[in-house]
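Open the model in your viewer and keep the selection tool at hand. The stops below say what to select next and what is there.

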Amino acid sequence: MYWTAKALFSASDIVFSGGRYMEVYSHRSNKGVKLRALTIIIGIAVNVVLAFLSYKGGLPIYLDSIGTIGVVFIDGLFPGILTAVATNVFYALFNGDALYLGIVSALTAIFTAWFIRRKDIYRVRKIAVYAAAAGFISGGISALIQWGLL
């Protein structure tokens, strides 16, 4: 009992010690936020440029998930979802149907985060299965959305 109360008292000392704890570690957390924001912006830029090139080139494949997958791999699930949705908002400027496909990009980010958490990224066979499954799932859902729009 004494040790637990002392541990709680020590934790409250850190919190209420005039902000010294926050002064020491806030620089590190601000740097992390800035780097995370930078990777999100780079991911959005990569997605929009590749989507624009595939749209203008008439390519039958959609390359607008490469930046999202990279952001999920580097930063995690929430920044990946943010990248996916923001990409589709920008992509909608030159393709009006892209706004409806934001849910597909968000699902791709969720599937990628699940795959990474399972630690299957170190085997070539598992990566091939991931790529096929992600393509099949996102292609199938996108086809259903496009069919519903027409």
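Two residues are in contact here when they have heavy atoms within 4.5 Å of each other. With that in mind, select Ile121, which touches Phe73, Phe115, Ile116 and Ile127 once residues up to four places away in sequence are set aside. The model is a predicted one.

**Stop 1: the loop at Ile121**

Ile121 sits in the loop that runs between helix 5 and helix 6 (124–149). Add Phe73 to the selection: the two residues are 48 residues apart in sequence, and their C-alpha atoms are 9.8 Å apart in space. Then step to Lys119, which follows helix 5 and has a positive phi, near 65 degrees.

**Stop 2: the whole chain**

Zoom out and show the cartoon. The protein has six helices and zero strands, so read from the N terminus its elements run α-α-α-α-α-α. Of its 150 residues, 27% count as buried. Among contacts between residues at least 6 apart in sequence, 61% join residues at least 24 apart. Switch on the surface: the protein exposes about 10500 Å², and carbon and sulfur atoms supply 72% of that area.

**Stop 3: helix 5 and Ser105**

Select residues 102–117, which are helix 5. This helix has 16 residues and reaches 23 Å from its first C-alpha to its last, close to the 22 Å expected at 1.5 Å a residue. Which residues of helix 5 are buried? They are Gly102, Val104, Ser105, Ala106, Thr108, Ala109, Thr112, Ala113, Phe115 and Ile116.

Now pick out Ser105 within this helix. Is Ser105 buried or exposed? Ser105 counts as buried because its relative accessibility is 7%, and the cut-off for buried is under 20%. Leaving out residues up to four places away in sequence, Ser105 touches Thr68, Ala84 and Asn88. Val85 is 20 residues from Ser105 in sequence and 6.9 Å from it in space, C-alpha to C-alpha.

**Stop 4: helix 4**

From Ser105, move to two of the residues it touches, Ala84 and Asn88. Both are on the list of buried residues of helix 4, which also includes Pro79, Gly80, Thr83, Ala86, Thr87 and Tyr91. Select residues 77–91 to see helix 4 as a whole. Helix 4 has 15 residues and reaches 21 Å from first C-alpha to last, close to the 21 Å expected at 1.5 Å a residue.

**Stop 5: the nonpolar core**

Keep Ala86 selected and add Ile40, Ile44, Val48 and Val71: these five residues form the largest nonpolar core. Helix 2 (residues 20–57) gives the largest share of this core, three residues.

**Stop 6: along helix 2**

Stay on helix 2 and select Ser54, which lies in it. Ser54 counts as buried because its relative accessibility is 4%. Apart from neighbours within four places in sequence, Ser54 is in contact with Leu59, Ile61 and Leu63.

Next go to Leu38, also placed in helix 2. Is Leu38 buried, partly exposed or exposed? Leu38 counts as partly exposed because its relative accessibility is 45%.

Show the side chains of Leu35, Leu38, Ile42, Val46 and Ile66 together: they form a nonpolar patch on the surface, with about 420 Å² of accessible area together. Helix 2 gives the most to this patch, with four residues. An α-helix has 3.6 residues a turn, so residues three or four places apart point the same way.

**Stop 7: Ile74 in helix 3**

Finish on helix 3 (residues 66–75), where Ile74 is found. Ile74 counts as exposed because its relative accessible area is 58%, and the cut-off for exposed is over 50%. Which distance separates Ile74 from Thr39 in space? The C-alpha atoms of Ile74 and Thr39 are 8.1 Å apart, while the two residues are 35 residues apart in sequence.

Definitions and conventions. Residues numbered from 1 in each chain as written. Predicted model: local features only at pLDDT ≥ 70, side-chain atom pairs only at ≥ 80, totals over all residues. Heavy atoms only, no water. Core = buried A, V, L, I, M, F, W, Y, C linked by side-chain atoms within 4.5 Å. Buried < 20%, exposed > 50% of the residue type's maximum accessible area, 1.4 Å probe, protein only. Helix = DSSP H or I, 4+ residues; strand = E, 2+ residues; numbered from the N terminus. Expected span 1.5 Å × (residues − 1). Areas by Shrake-Rupley, 256 points an atom, 1.4 Å probe, with all protein chains shown as cover. Patch = residues over 30% accessible without salt bridge, like charges linked within 9 Å, V, L, I, M, F, W, Y side chains within 5 Å. Salt bridge = Lys/Arg side-chain N within 4 Å of Asp/Glu carboxyl O.
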